[in-house]
Amino acid sequence: MKKILSGAIVALCALAGAIGLKAQQMPVVPMDSAVVVGTLPNGLTYYIRHNAYPKGQADFYIAQKVGSVLEEDNQRGLAHFLEHMCFNGTKNFPGNSLVSWLESIGVKFGAHLNAYTGTDETVYNITNVPTARTEVTDSCLLILHDWANELLLDPEEIDKERSVIHEEWRSRSGGQMRIIEQVLPTIYPNSRYGHRMPIGTMEVIDNFPHQALRDYYEKWYRPDLQGIFIVGDIDVARTEAKVKEMFADIEMPANPAERTIFPVPDTPGTIYAIGKDKEQSNAMFFLMFKFEPMPREMRSTVGYLVYDYMTSMIDAMLNNRFNEMMSNPATPFAVAQAGIDNYLFSNTMQALSAIGVAKTGDIRPALESVYREVLRAKRGGFTPGELQRARDSYMASLEQDYNNRATQETSALTNKYIRHFIDNTPAADISDIYQMMQMVTQMVDVNTINQLFGEMVTDDNRVLLVMLPDSESYSVPTEAELAETMKSVDAEQIEAFVDNAKTEPLIPELPAPGSIVSTETNDLWGATVWTLSNGVKVMVKQTGFKDDEIIFAAVAPQGMSRDAASSSVADFIAFEALGSRYGIGSYTSSDLEKYLAGKQVSINPAFGLYERNISGSTTPKDLPVLAEMLYGYFTSVNYDQTEFSATQSLYAGLLKNQSVSPEYIFQVDVQKAVYASPYKQALTVADIENATRDGILALAKAQLANAADYTFIFVGNVDLNTLRPLVEQYIATLPADPSTATAAVAESDPAFRMRSGDAVDTFSTKMENPQTYCAIIESATLPYDSRNAKLASIAGNILSTRLVKVVREEMGAVYSIGARGSMSSEVGMNANIQTVFPMNPDKKGEVLEVIKKEFAAMAENITDEELSKVKEYMVKDMTEKAERNGAWCGYMSVWAIVPGHPDLFTQAVETINSITAADVQNFVKKMNAQGNYRVIILDPEK
């Protein structure tokens, strides 16, 4: 196959000349100097790095260069099954003690203890581990050691896990997955990847002998294919010594099996793979152009950075074109996007993929439109203006990472080292990357990128995957018809792209600045509070958590509920979906996207039933742009009719065939059972089609009519002297009337409340893969304060652990189940504990009985051990949040919406630690006593 690298090599040669080297002498990208990398005599590799963000925590990973592609036909599913067994008994943590012990130190199963299996790799993680005690970190190393070499693989545990895997297969075997399984051999002719989906086959899962799993483990889980990663607030020297001590005893097999690399063969012309399924929700396609990845030995050089940057620019520019097309209602696709990555499930082949979702039952117009745009970019190239915007955005993001280098996220560092181990991609320090990319981005011009893109889009090694609903409303094209569609686009004279970007000011004219009339200090939040000349209040909390981050929110009480009577049901229900492309003044939403290129500014108006929240983030450098955007939304929010119609057709297209999806039907049924109000029902195609631009815009303007309703909050690296003139110009001049400002809701509208009482609502629908969907919600009306809020969360966490233990592990009736408890400030049923999950329909009655007993049992018996685990997790979580700008802004926003609102944050740790088992029991007892236990069931139709 032709290697798609010559465009990158052109840039590489230019860069080499600039730094006085020959292209073949391109330097290796230096490894992050802060990470210690070593290889033990047995072949095991380790990466260890100190990083104190979050403080007092560390992540522990083990990665295996092993996945489902290595399975033989009679082993399909064993790689994934083995991943499950790592949580079901090891030498030093038999039975369920591994999960139980980790939960005792605040590491929650699912959230911070998990794993995944791919075709070529398997990765396990223990994250957010508290590191104050060395015995805890040593025990986590022992777990990694056990995963590497000491699984018990107890036959009884294996047999119990078969049903869990079966339920995982059932829950994931929807229409799209069934189509992929059906067409995979076509997409991967003469390749193992065509028959090695990690979930495997249920025939193998149900019948493999116990020894087969042991044999697979002994063959492939070995030190030369394993890497361990310990990153966080640790003593590096001590940790390295412990790794050498603990892992040295793992023996390398005398005659190890070859870890074969499975290539994906070249294919002439175009492969057409067409699949249909009754539960496929949309007509969609993947148009893929395959090419060989950069050789592994080259990925550690500066050449890889050049190539990666060029492909990133192609991704960005092509997607920007698709996004602009989506603002035109005549565009035949609802959604389109492009990306350069691994070819589907294989890491030995890459592909440029263009993905589209059709609005109608005929896939061909959408395919024509997407393919035409790919050819437009190939033939006419990208423009200098497009590249400038993409480059500016890329460098702005990189600059923010560089400025925040003192507080890099441990998770990001760990992932970088794992990719280095598995793929040999660079794992450099952000300072080195930033310096190198400043040079690379200046050396790579648009012509070089156009050359690379042109080499990717070829007539051979092309794959078109089409996935369709099996419905009379959708036509199923033949291969010949799809080929003719492509051929017709090939024959077109396609005009080059015309790049249009507005240049006039976003805010044409500003009023004279207002002023700050008073300054106070809020001791609770450690914030400066300004009262402005228009009556608006601004709260500013200065922190040092991130050098280049400011989190923002403007919050107000009341919201959509007060405007329900004056709006149509369709406008009200469709508001959140359709209100996603607001413009400002003469700028459309598409114009704003171009305007914000290279600026680290995000802003998101979100209006709920009883509260309004405009959230956003920026950097100190781009704070003026955020302020400008805020002013624009409050004073001249707009919605271009063309963009509204496009958004309307987008959602109508996406929802068109949702009624065949059991998940969507269940969502509709839950809303129908829980709420009586027509304003609280699930979004439908009719809602989208009946909504109007004027109605949606009127609702938005009503939420923004009086800035005095809002409290404006800034948290992060905020300089008060810099912020002051921005506040005076852009916030103190907003239309505001304190005398008519809305107050907090004293009584929620009964029309929007949940139905009261005990009830079981059962629905049914046809299913290709029968399973029962279930939602159980217990609600109550209780005083809203910090203690009750924590009690609700604790009760939900305890119930979650119990359900996993009983319903998943003991009964094998589900793959995934959990519960959550929460409270809100709304008047009415403001406390709830709920669980939502799919399950084996044959075990429905037994599962419902068990869960009801668990809800009731928590009122009578909460053990100190299970409470301690939950409290440990919640305290760790709140301690971490105390160093996050986003958490401070979020809790300050909740507090600011309602005068006298309880503080849920600053004393959270003390509140959690004070709660006893009796407190939780009494809380649940109060909930149970109110008799609001609702069960909603969607069964397969028989």
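Here's a quick tour of the nonpolar cores, one well-covered helix and the cysteines in this structure. Keep in mind that you're looking at a predicted model. The largest nonpolar core has 82 residues, and a second, separate core has 68.

**The largest core**
- I126 and W147 are the residues that touch the most other members of this core.
- Helix 4, which covers residues 134-149, gives the most to the core, chipping in seven residues.
- If you leave out residues up to four places away in sequence, W147 touches I62, C86, F87, T90, L98, L113, Y124, N125, I126, Y217 and Y221.

**The second core**
- Among the 68 residues of this separate core you'll find W530, V601, V637 and L726.

**Helix 24**
- Helix 24 runs over residues 720-730, and its buried residues are L723, L726, V727, E728, Q729 and Y730.
- Those buried residues have plenty of cover, including strand 12 (516-522), strand 13 (527-532), strand 14 (537-542), helix 19 (623-636) and strand 20 (711-716).
- At the N-terminal end, D719 acts as the cap: one of its side-chain oxygens lies 3.2 Å from the backbone nitrogen of N721.

**Cysteines**
- Looking for disulfides? How many does the structure hold? The count is zero.
- Take C140: its nearest cysteine sulfur belongs to C86 and is 15 Å away.
- C140 counts as buried because its relative accessible area is 0%, under the 20% cut-off.
- C889 is buried too, since its relative accessibility is 4%, also under 20%.

Methods
Residues numbered from 1 in each chain as written. Predicted model: local features only at pLDDT ≥ 70, side-chain atom pairs only at ≥ 80, totals over all residues. Heavy atoms only, no water. Core = buried A, V, L, I, M, F, W, Y, C linked by side-chain atoms within 4.5 Å. Buried < 20%, exposed > 50% of the residue type's maximum accessible area, 1.4 Å probe, protein only. Helix = DSSP H or I, 4+ residues; strand = E, 2+ residues; numbered from the N terminus. Contact = heavy atoms within 4.5 Å. Polar contact = N/O pair within 3.5 Å; in protein donor to acceptor, adjacent residues only side chain to side chain. Disulfide = S-S within 2.5 Å.
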